[in-house]
Amino acid sequence: MLSDHIYHLFGRAITITSHEQFLGIVMLVVAATAWAVQQFRRKRAVVLQKSAVSDQIVYELSRIADALDRISNRPVDHYVAGASREEEESTGGRIPLSMFGR
C-alpha cells in the first residue's frame, strides 16, 4: 500500500504517514468530483417574457422599494413619537385587557 515519506523543508523533517496520504487522495477525489459536477450539470434558468402581469409586478415592487427608501431616510425619533402618540389615542392612556387594569 502506501508508505511513509520523509521530506526535509527549511532544515526540518516532515513525515507524511500513509493515513495522511490516503486522506489527501480522498480529498483530491472529492474536490475533482465536485468540480466535475459543477462543470457538467445543466444550468436551469427561467426566462420571464414581458407581459402586462410582469410589468405590474415590477411597478408594484418599485413602489414598495421607494416607500421603504423614504421610510429608511426618516429619523427614528419621528416613528417612536408617532407610535406612542397613536397608542395613547387608541387606548385612552391605559393598557387594554390588562390584569392590573380590571
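Helices here are DSSP runs of at least four residues, numbered from the N terminus. That numbering is worth having in hand for what follows, since this is a predicted model and much of its detail sits in helix α2.

**The overall layout**

The protein has 3 helices and 2 strands. Going along the sequence, you meet them as β-β-α-α-α. There isn't much of an interior: buried residues account for 4% of the 102 residues. The exposed area comes to about 10,200 Å², with 62% of it supplied by carbon and sulfur atoms.

**How far to trust it**

Mean pLDDT for the protein is 78, and 71% of the residues get to 70 or more. Confidence peaks in helix α1 (residues 18–40), with a mean of 91, and bottoms out in helix α3 (residues 76–91), with a mean of 62. Where pLDDT is low, the predicted coordinates shouldn't be read in detail.

**The hairpin at the start**

Strand β1 (residues 5–9) and strand β2 (residues 12–16) run antiparallel and are joined by 5 bridges. Picking out partners across the pair, Tyr7 sits opposite Ile14 in β2, while Ile6 has Thr15 as its bridge partner in β2. The hairpin leaves 2 residues between the strands, and Phe10 takes a positive phi near 55 degrees there.

**Helix α2: a salt bridge**

Now for the helix with residues 52–73, where Leu61 is found. What does Glu60 form a salt bridge with? The partner is Arg63, with the closest N and O atoms 3.2 Å apart. Glu60 and Arg63 are 3 residues apart in helix α2, so about one helical turn separates them. Side chains of opposite charge can pair when their charged atoms come close. The structure holds 1 salt bridge, and this pairing of Glu60 with Arg63 is a salt bridge.

**Helix α2: inside and outside**

Is Ser54 buried or exposed? Ser54 is buried, because its relative accessible area of 12% falls under the 20% cut-off. Ser54 belongs to helix α2, and a polar atom of its side chain lies 2.9 Å from the backbone nitrogen of Ser51. Leu61 goes the other way: it counts as exposed because its relative accessible area is 52%, and exposed means over 50%.

Here's how these helix residues line up:

| Residue | Relative accessible area | Status |
|---|---|---|
| Ser54 | 12% | buried |
| Glu60 | 29% | partly exposed |
| Leu61 | 52% | exposed |
| Arg63 | 46% | partly exposed |

Leu61 also has company on the surface. Together with Val53, Ile57, Ile64, Leu68 and Ile71, Leu61 makes a nonpolar surface patch of about 580 Å².

**Putting it together**

So that's the picture: an antiparallel hairpin of β1 and β2, then three helices in the β-β-α-α-α pattern. Helix α2 holds the Glu60 and Arg63 pair as well as the exposed Leu61 and the buried Ser54.

Notes:
Residues are numbered from 1 along each chain as its sequence is written. This is a predicted model: local features need pLDDT of at least 70, side-chain atom pairs count only at pLDDT 80 or more; totals for chains, interfaces and linings use all residues. Side-chain values use heavy atoms; hydrogens and water are left out. Buried means under 20% relative accessible area, exposed over 50%, partly exposed in between (1.4 Å probe, protein chains only). Accessible areas come from the Shrake-Rupley method with a 1.4 Å probe; for residues, only the protein chains shown count as cover. Patches are made of residues with over 30% relative accessible area and no salt bridge: like charges are joined within 9 Å, nonpolar side chains (Val, Leu, Ile, Met, Phe, Trp, Tyr) within 5 Å. A salt bridge is a side-chain nitrogen of Lys or Arg within 4 Å of a carboxyl oxygen of Asp or Glu. pLDDT is the predictor's confidence in each residue, from 0 to 100. Two strands pair if DSSP finds at least two bridges between them. A polar contact is a pair of N or O atoms within 3.5 Å; within protein, one must be able to donate a hydrogen and the other to accept it, and residues adjacent in sequence count only if both atoms are side-chain atoms.
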